[in-house]
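User: Please take a close look at the place where the two chains meet, and then relate it to the local features elsewhere in the structure. A formal, connected account would serve me best.

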Protein chains: 2
Amino acid sequence: MQYFPPALENLVEQFAKLPGVGVKSAQRLAFHVLSMPEDEAAAFAQAIQTAKSTIHCCPVCQNLTQGEGPCSICSSPRRDASTICVVADPKDVVAMERSREYQGLYHVLHGVISPMNHVGPDDLHIKSLVERVSAGGVDEVIMATNPDTEGEATAMYLSRLLRPFGVKVTRLAYGIPVGSHLEYADDATLMRALEGRREM
Amino acid sequence: MQYFPPALENLVEQFAKLPGVGVKSAQRLAFHVLSMPEDEAAAFAQAIQTAKSTIHCCPVCQNLTQGEGPCSICSSPRRDASTICVVADPKDVVAMERSREYQGLYHVLHGVISPMNHVGPDDLHIKSLVERVSAGGVDEVIMATNPDTEGEATAMYLSRLLRPFGVKVTRLAYGIPVGSHLEYADDATLMRALEGRREM
């Protein structure tokens, strides 16, 4: 790589640090930046710095937010403050919001309990969740962690932790995804779908 | 995407503008930037601006360079100024330099003649090449554009343009790539390899 000018080499290295970007892709991206108009490149650089400096976690739900105080969901008078949906990741809030079904508040753990990756309960935003529930006014906590081993374990751990406060702890329903084919559903999903069957 | 804070949305949009980066990848990259330490994100943003503001084309060979005056290859006393290798792209200079075989200078066209994409001779750095050759001191011009239709046409066009100046115009050899298998070589390549056979 000693044939590129140093500033270009540095830019390639910066791109190559991004997840899923190899050296060849990084070179392509760096050359693309060089071919951008001056103001577009400046806007790109500025976007990185602005995002990094202005985005932080909401002090209430720990979701990503910008500006002072609680996030727009936590501070909205139209949301039902008696329900908290617990998700692992800010992206999961976006997925839930997209359904337009949920009207309550959120709590973002920023991960799941994963002994394999040395992530314990203290590494997640669990203490602030317990504080929110213990402060009262919460009727139901919906566990919406992913339906994999670690998500299950985290939901199980939290439900035991929250039970003493007398709140209802629920879990998202398992079942056949809408629009999918029965023949391709795995055994565990089918079993859960059968267990969760409802009267029509 | 109205569920992300504006600064994050903006960063996602900036990433999504890059070639080969879709919205999902852009989100992943943006979240990665948010998870970076403050100084790393600043270094990334700085790299974009530095590369964009300091890298320009060498006034002699049009290759990318940094700093004042001609590039390091053009200004090196160890390079043979009587030979010019014409390539389409700065990346091709890197490929040629990697072979450690070539000791002459370069000329980067920044593209090839491509009527389909509305790229004509005037859109490339051809005038400056003709000026270099007409200024004298050049014995040989090696055409090292890609061996595809447009690269061929560009090489052919340039060779006709340069012939009046009495320089030797050559083309990189065609043939079987080293390390490949004869059975997978296409007909055109095999034909060229046969034509270009040499005594052992």
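Analyst: The account below begins with the contact between the chains and then turns to individual residues and pairs.

The model is predicted, and its local features are reported only where pLDDT is at least 70. In this model, chain B and chain A bury about 4600 Å² between them, and 73% of that area lies on carbon and sulfur atoms. Of the area that chain B buries against chain A, 16% is supplied by B:Tyr3, B:Ile48 and B:Lys52, more than by any other three residues. The contact draws on 50 residues from chain B and 50 residues from chain A.

As for specific polar interactions, the count between chain B and chain A is 6 residue pairs in polar contact, both partners being at pLDDT 80 or more. Across this interface the number of salt bridges is 0. The side of chain B that touches chain A receives at least two residues from each of α1 (6-16), α2 (23-35), α3 (38-54), β2 and α4 of chain B. Among these elements, α3(B) gives the most, with 15 residues.

Helix α4 of chain B deserves separate attention. This helix covers residues 90-98, and its buried residues are B:Pro90, B:Asp92, B:Val93, B:Val94, B:Met96 and B:Glu97. Those buried residues pack against α2 (23-35) of chain A, and also against β2 (64-66), β3 (80-87) and β4 (104-108) of chain B. The packing of α4(B) thus involves elements of both chains. Just after α4(B), B:Arg100 takes a positive phi of about 55°.

In chain A, A:Arg100 likewise has a positive phi of about 55°, although A:Arg100 is not a glycine. A:Arg100 is placed in the loop between α4 (90-98) and β4 (104-108) of chain A. With a relative accessible area of 64%, A:Arg100 is exposed. A:His118 is another residue other than glycine with a positive phi, in this case near 60°. The loop that holds A:His118 runs between β4 and α5 (127-134) of chain A. A:His118 is exposed, because its relative accessible area of 70% is over the 50% cut-off.

A further local feature of chain B is found in helix α5 (residues 127-134), where B:Ser128 lies. B:Ser128 counts as buried, since its relative accessibility of 17% is under 20%. The side chain of B:Ser128 makes a polar contact with the side chain of B:His107, at 3.4 Å. When neighbours within four places in sequence are left aside, B:Ser128 is in contact with B:Gln62 and B:His107.

Salt bridges form the next topic. The structure holds 6 of them over all chains. One joins the side chains of A:Glu97 and A:Arg79, at 2.9 Å from N to O. This pair links distant parts of the chain, 18 residues apart: A:Glu97 belongs to helix α4 of chain A, and A:Arg79 to the loop between β2 (64-66) and β3 (80-87) of chain A. A:Glu97 is buried, with a relative accessible area of 12%, and A:Arg79 is buried as well, with 16%.

A second pair, A:Glu152 and A:Arg171, also forms a salt bridge, in which the closest N and O atoms are 3.2 Å apart. Because A:Glu152 lies in helix α6 (residues 149-162) of chain A and A:Arg171 in strand β6 of chain A, the pair ties together parts that are 19 residues apart in sequence. A:Arg171 is partly exposed, at a relative accessible area of 25%.

The salt bridge between the side chains of A:Lys127 and A:Glu131 measures 3.9 Å from N to O in the model. Both residues lie in helix α5 of chain A, 4 residues apart, which is about one turn of the helix. A:Lys127 is exposed, with a relative accessible area of 64%, whereas A:Glu131 is partly exposed, with 45%.

Finally, the surface of chain A carries a nonpolar patch. A:Ile176, A:Leu182 and A:Leu190 form this patch, which has about 240 Å² of accessible area in total. Within the patch, A:Leu182 occupies the loop between β6 (168-171) and α7 (187-195) of chain A. A:Leu182 is exposed, with a relative accessible area of 56%.

Key. Residues numbered from 1 in each chain as written. Chains lettered and ligands numbered in written order. Heavy atoms only, no water. Patch = residues over 30% accessible without salt bridge, like charges linked within 9 Å, V, L, I, M, F, W, Y side chains within 5 Å. Areas by Shrake-Rupley, 256 points an atom, 1.4 Å probe, with all protein chains shown as cover. Salt bridge = Lys/Arg side-chain N within 4 Å of Asp/Glu carboxyl O. Buried < 20%, exposed > 50% of the residue type's maximum accessible area, 1.4 Å probe, protein only. Polar contact = N/O pair within 3.5 Å; in protein donor to acceptor, adjacent residues only side chain to side chain. Contact = heavy atoms within 4.5 Å. Buried area = accessible area lost by both parts, 1.4 Å probe.
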